[in-house]
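Here's a walk through the fold, strand by strand and helix by helix. Have the viewer open while you read.

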Amino acid sequence: MERILTAQELKEYDGADPTKPVYIAVKGTVYDVSTSREFYGVGGPYEAFAGRECARALAIMKVDPSECNQNLTDCSEKQLKTLDDWIAKFNTKYPVVGKLRGKGAEVDMSPQELLGLRDTPFPTSVVVTLVVVLLLTCIGAYVLYIDMQEPQDPNVHTEL
Ligand code: HEM
């Protein structure tokens, strides 16, 4: 049966542990690139790709971890063709381990999926907390506003 890996599981195969194989994911397909540890292992020229979904980085030809685990939304036809050429190469060279859970780096990847995948400085928990705090602040401000709109007590005027 085909193995399904999460982005976190894929990260464990980034070449840092010499006893583990090295994996890369391209458009959601996970390849075992252990035979090219000199490329993808620690200190190798393409170590940025190890343990990551690197479709975008391959499409735009940038060896940069911040271009990994990203979607392909703004890639040109030419860049997508470049990616197809890489995929053709990997398909003939490396065994397929399985698939990355979610939609990998497909064009329609949702922001939620991206948040789960991207090497973001803000973990999902921080983002969720911020959104909740913002919502509570808005509700508080609204309640205060409604309170201020309450009509004055008519008795105050009759007493004058
Ligand atoms: C000065 C620029 C570059 C030079 C001289 C260079 C050179 C090479 C060489 C000699 C190989 C080994 C080919 C083989 O034996 O099969 C290689 C592999 C590779 N290059 Fe580059 N490269 C350059 C830039 C890039 C860039 C910008 C990318 C970004 C996507 C890239 C991605 C790769 C990948 C992924 C492999 C490994 C393919 C495999 O697993 O077989 N290279 N490169």
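## The sheet

Four strands form an open sheet in the order 1-4-3-2, and the pairing is mixed. Strand 1 (3-5) and strand 2 (23-26) sit at the edges with a single partner strand each, so each has one side left without a neighbour in the sheet. From one strand to the next, the twist averages 35°. That angle runs between N-to-C directions, on a scale from 0 to 180 degrees, with axes that are lines fitted to C-alpha atoms.

A few ground rules before going on. This is a predicted model, where local features need pLDDT of at least 70 and side-chain atom pairs count only at pLDDT 80 or more, while totals for chains, interfaces and linings use all residues. Residues are numbered from 1 along each chain as its sequence is written. Helices (H or I, at least four residues) and strands (E, at least two) are DSSP runs counted from the N terminus, and two strands pair if DSSP finds at least two bridges between them.

## Who pairs with whom

Strands of a sheet pair through backbone hydrogen bonds, in either a parallel or an antiparallel sense. Here, strand 1 and strand 4 (residues 96-100) run parallel, joined by three bridges. Ile 4 stands opposite Lys 99 of strand 4, and Leu 5 has Leu 100 as its bridge partner.

Strand 3 and strand 4 run antiparallel, again with three bridges, and Val 30 faces Gly 98 there. Strand 2 and strand 3 are antiparallel too, over four bridges. One of the pairs to look for is Tyr 23 with Asp 32 in strand 3.

## Edge strand, buried residues

What happens to the side chains of strand 2? Tyr 23 and Ala 25 point one way, Ile 24 and Val 26 the other, and all are buried. Buried here means 20 or more other C-beta atoms within 10 Å of a residue's own (exposed is 12 or fewer, partly exposed in between, with C-beta atoms placed from the backbone). Ala 25, for one, counts as buried because 27 other C-beta atoms lie within 10 Å. Ala 25 is also 8.0 Å from Leu 10, C-alpha to C-alpha, with their positions 15 residues apart in sequence.

Across the protein, buried residues make up 25% of the 160 residues.

## Two positive phi values

Lys 27 has phi near 50°, a positive value for a residue other than glycine. Lys 27 lies in the loop between strand 2 and strand 3 (29-32), a hairpin with two residues between the strands. Lys 27 is buried, with 24 other C-beta atoms within 10 Å.

Asn 69 also takes a positive phi of about 50° without being a glycine. Look for Asn 69 in the loop between helix 3 (55-60) and helix 4 (77-93). Asn 69 is buried as well, as 27 other C-beta atoms lie within 10 Å.

## The helices

The protein has seven helices and four strands, and along the sequence they read β-α-β-β-α-α-α-β-α-α-α. The expected span of a helix is 1.5 Å times one less than its number of residues. For the 17 residues of helix 4 that gives 24 Å, and the end C-alpha atoms are indeed 24 Å apart. Helix 4 is hardly covered: one of its 17 residues is buried.

Helix 6 (residues 124-149) has 26 residues and reaches 38 Å from first C-alpha to last, close to the 38 Å expected. Helix 6 is hardly covered either, with a count of zero buried residues. An unreviewed UniProt entry lists residues 126-145 as "transmembrane region"; such annotations may be inferred rather than shown by experiment, with feature names shortened and positions in the numbering used here. Over residues 126-145 the chain is 100% helix and 0% strand, and the end C-alpha atoms are 29 Å apart.

## Around the ligand

Which residues surround the ligand? They are Val 33, Ser 36, Phe 39, Tyr 46, Ala 57, Leu 58, Met 61, Val 63 and Lys 93, where near means a C-beta atom, placed from the backbone, within 6 Å.

This shell divides into seven nonpolar residues, one polar and one charged. Ala, Val, Leu, Ile, Met, Phe, Trp, Tyr, Cys and Pro count as nonpolar, Asp, Glu, Lys and Arg as charged, and the others, Gly among them, as polar.
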